Amino acid sequence: MADESAPPVFHTVIPIVNTLQDIFVQLGASSSAIELPQVAVVGSQSSGKSSVLEALVGRDFLPRGSDICTRRPLVLQLLQIQPDAGAEYGEFLHLPGNRFYDFNEIRREIQAETDREAGGNKGVSDKQIRLKIFSPNVLDITLVDLPGITKVPVGDQPSDIESRIRTMIMSYIKLPTCLILAVTPANSDLANSDALQIAGNADPDGYRTIGVITKLDIMDRGTDACAFLMGKVIPLRLGYVGVVNRSQEDILLNRSIKDALVAEEKFFQSRPVYNELADRCGVPQLAKKLNQILVQHIKKVLPGLKSHISATLVSVAKEHASYGEITESKAGMGALILNILSKYSEAFCSMIEGKNEEMSTSELSGGARIHYIFQSIFVKSLEEVDPCEGLTDDDIRTAIQNATGTRSALFVPDVPFEVLIRRQIAHLLDPSIQCARFVYNELIKMSHRCMVNELQRFPVLRKRMDDVIRNFLQDGLQPSETIIGHIVEMEMDYINSSHPNFVGGSKAVEIAMQQVKSSRVSTSVQKHKQNQSGSWPVGEVEKPKSGSTSLGISTIFGGSTKSCSANKPFSEPVHTIDHMDYSSSFIHLREPPIVLRPSDVNSDQQAIEIQVTKLLLRSYYDIVRKNIEDYVPKAIMRFLVGHTKRELHNVFIKKLYRDDLFEQMLQEPDDISIKRKRARELLHVLQQAFRTLDELPLDVKTVERGYNLTNNDPTGLPKFHGFSTSSTSPVASHSTDSDNTASPNNQRSSESHSGEWSSPFSGHFEISRGQSCCILCRKA
């Protein structure tokens, strides 16, 4: 039996983990996220796994046979009780409260439960059977007996049975919290061991694998397993333990486990080659090694496990709260709907104002996006527009000439400026309306992002709220667009040329004259080129050809030239003019074109007029643009955004807070009730687990102090009567060869002898020759 002076933590960590396993098994597949420490037993068929487990328990209780026997994972929890606590017994998790004092009955129940899930014809299932053994003759260990690796399918087994079993085994041993007990018979080729191969795949560094060499007594004469046990063939950081199994004859003759353990000890005592490996031989040594490594392993992972369970508990509690509780009364339904509508309205306003608790740090959201639309899209786009965009010099000159009528302009007329500026101001309406619609779309998106937890339960209510807010925002968009139209129309209707920021006519003329003067040289060159080309500006009268220079303009008005038209009396009726004969006329005029444009050649006066008009347009357009940039966002905020913030809650109450709609809007989908039930179960289990972990001191210093021994044992493991844990050399105190002692200066020598390296769970234990049997053999 274990030393009673061992620290209390040593006796409690494994039962606590066992309790956690029982708690989490209630969740089925959901418990896979919580990885608990355990020991998985792997090996091929007929490798002796069952014999090892029975030897650890000290009783026959597992199904036997020549074919596959373990067809479902068996979680075996060995729990030590006081000798005076009564007879040893077993309990199945699927039969709570039923104690099995007859271990033959335990075997039959394992077989029956296996058949219920996997069928009676060698089928395999991954659903666990959980069995607790309470006995004064065991150490606290939890093991998972997994189906043996098989090559050839039998019975109802599928053709890919080997692949399925390997996948099942890997699902356990790949977890970093799982220790691996790799069982290999000594009469097989250890280098090709299925158990060591699959363990190496899951634990390539070997930190979690313990090797067990079975059937040492049936090795060929003259051979032994010393090389295996010392790790010279396949090194493992946690080393190997050799055991002797009961033979098939022993089983048929009902030879007890106690007698088998006595025979095992005699076998090792009769083989001098194993004397120096006493700490690696026998089921008692395997039990202690498993117990102590498991304790160390649990000690290492428990603090992180508690943190993980705590974080999961908070997350599940939040999820469970989001599902709420079922309300059946009208008053309760009304209160729930009112609460949801109020929360939603508050959350929506908070999102606009930038006070949302779940504020994003990766992108702009809520009101920040609206501000971006105003400043970085709307204002910036208007600032980038040229006030004279779309207006050419010809357009401006044409407007000026049209405004003068039949007279030549002495000054720049007001009419073309006002006509042109109104046309440019009108271009500001479309982007202003577009800005309002951008903000409307953002508010719609915000309404979708604004999630109240309770709305997850009620899709009908959510849809109705979406319809209400969409219509409400649409109602707010219309007056916003109307006001924006009025703002632009006001700017068009009254051109305030007295505005203090307007450049004014005299200042514009002064600037324009300077600009024209600086460009006069280039303009003269261009005019000269046009004259040389012989082209005639549209609208100019064709000049006389060479040879007719004596005929001046005065001849048009009554010169000495003889012509029919000149001699005709002016008293001739007007209607006959169309029928006049111009064939004898000396000067012929071109017909004016249908579309008449001003001349391409500008005089200095025209150039000044065009520049003055451009200056006036730019100056006044900038004034209007600033007004639009200011008033349009204000109109949108007042009639759309602000109106939504002020009235959304009232609209919700008016449209949705109606007794006749309560029951319909609070209908839950079936999956919500299932999720609520599942979350409640998970929350209950996690609370149980957290309370269980609170029973164990998880402070690192406290736990470490619980394992430190008074003699400063370097292994940090608890001590047993008759066993030494102070040596890390496999030969321990029986060795007289100083070269084999482990020390920093002789590390290579130690490794070459043992084949083992240091590990967080390593430790070697020596059995006294005078102690023939450990607690597994003792009876209360």
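## R422 and its helix partner

At 28% relative accessibility, R422 counts as partly exposed in this predicted model. Its salt-bridge partner is E418, with N and O 3.7 Å apart. E418 is partly exposed as well, at a relative accessible area of 29%. Both residues sit in helix α13, and because they are four residues apart there, about one helical turn separates them.

## E491, a buried charge without a bridge

R422 turns up again when we look at E491. This glutamate belongs to helix α15, and it is buried yet makes no salt bridge. How far away is the nearest side chain of opposite charge? That side chain is R422, and it is 10 Å from E491. A salt bridge needs a nitrogen-to-oxygen distance within 4 Å, so at 10 Å R422 and E491 don't make one.

What E491 does have is a polar contact: its side chain and that of N627 are joined at 3.2 Å. Setting aside neighbours within four places in sequence, the residues in contact with E491 are I425, V624, N627 and I628.

## Other salt bridges

Searching the whole structure turns up 27 salt bridges. Helix α15 holds one of them, between D466 and R462, whose closest N and O atoms are 3.4 Å apart. These two are four residues apart in the helix, or about one turn. Buried or exposed, then, for D466? D466 is buried, with a relative accessible area of 17%, and R462 is buried too, at 12%.

Now for D660 and R658, which pair up with their closest N and O atoms 3.2 Å apart. D660 is exposed, with a relative accessible area of 54%, while R658 is partly exposed at 39%. Elsewhere, R72, E109, E113 and R116 are tied into one network by salt bridges that share partners.

## Two nonpolar cores

The largest nonpolar core counts 71 residues, and L443 and I636 have the most contacts inside it. Which helices supply at least two residues each? They are α10 (330-353), α11 (367-383), α12 (393-404), α13 (414-426), α14 (429-449), α15 (459-493), α19 (604-656) and α20 (659-665). So α13 and α15, already met above, both feed into this core. Helix α19 gives the largest share, 19 residues.

I636 is worth a look in the viewer. Leaving out neighbours within four places in sequence, it touches F374, C435, A436, V439, S480, I484 and V641. Apart from this core there is another, of 59 residues, with I16, F24, F103 and L179 among them.

## The chain as a whole

The chain has 23 helices and eleven strands. Of its 780 residues, 46% count as buried. Taking contacts between residues at least 6 apart in sequence, 82% of them join residues at least 24 apart.

## How confident is the prediction?

Mean pLDDT for the chain is 74, with 71% of residues reaching 70 or more. Two stretches fall below 50. One covers residues 535-572, where the pLDDT is below 50 and the model has 25 contacts beyond near neighbours in sequence. The other covers residues 698-780, also below 50, with 181 contacts of that kind in the model.

Conventions
Residues numbered from 1 in each chain as written. Predicted model: local features only at pLDDT ≥ 70, side-chain atom pairs only at ≥ 80, totals over all residues. Heavy atoms only, no water. Core = buried A, V, L, I, M, F, W, Y, C linked by side-chain atoms within 4.5 Å. Buried < 20%, exposed > 50% of the residue type's maximum accessible area, 1.4 Å probe, protein only. Contact = heavy atoms within 4.5 Å. pLDDT = per-residue confidence, 0-100. Lys, Arg positive; Asp, Glu negative; His and termini not counted. Polar contact = N/O pair within 3.5 Å; in protein donor to acceptor, adjacent residues only side chain to side chain.
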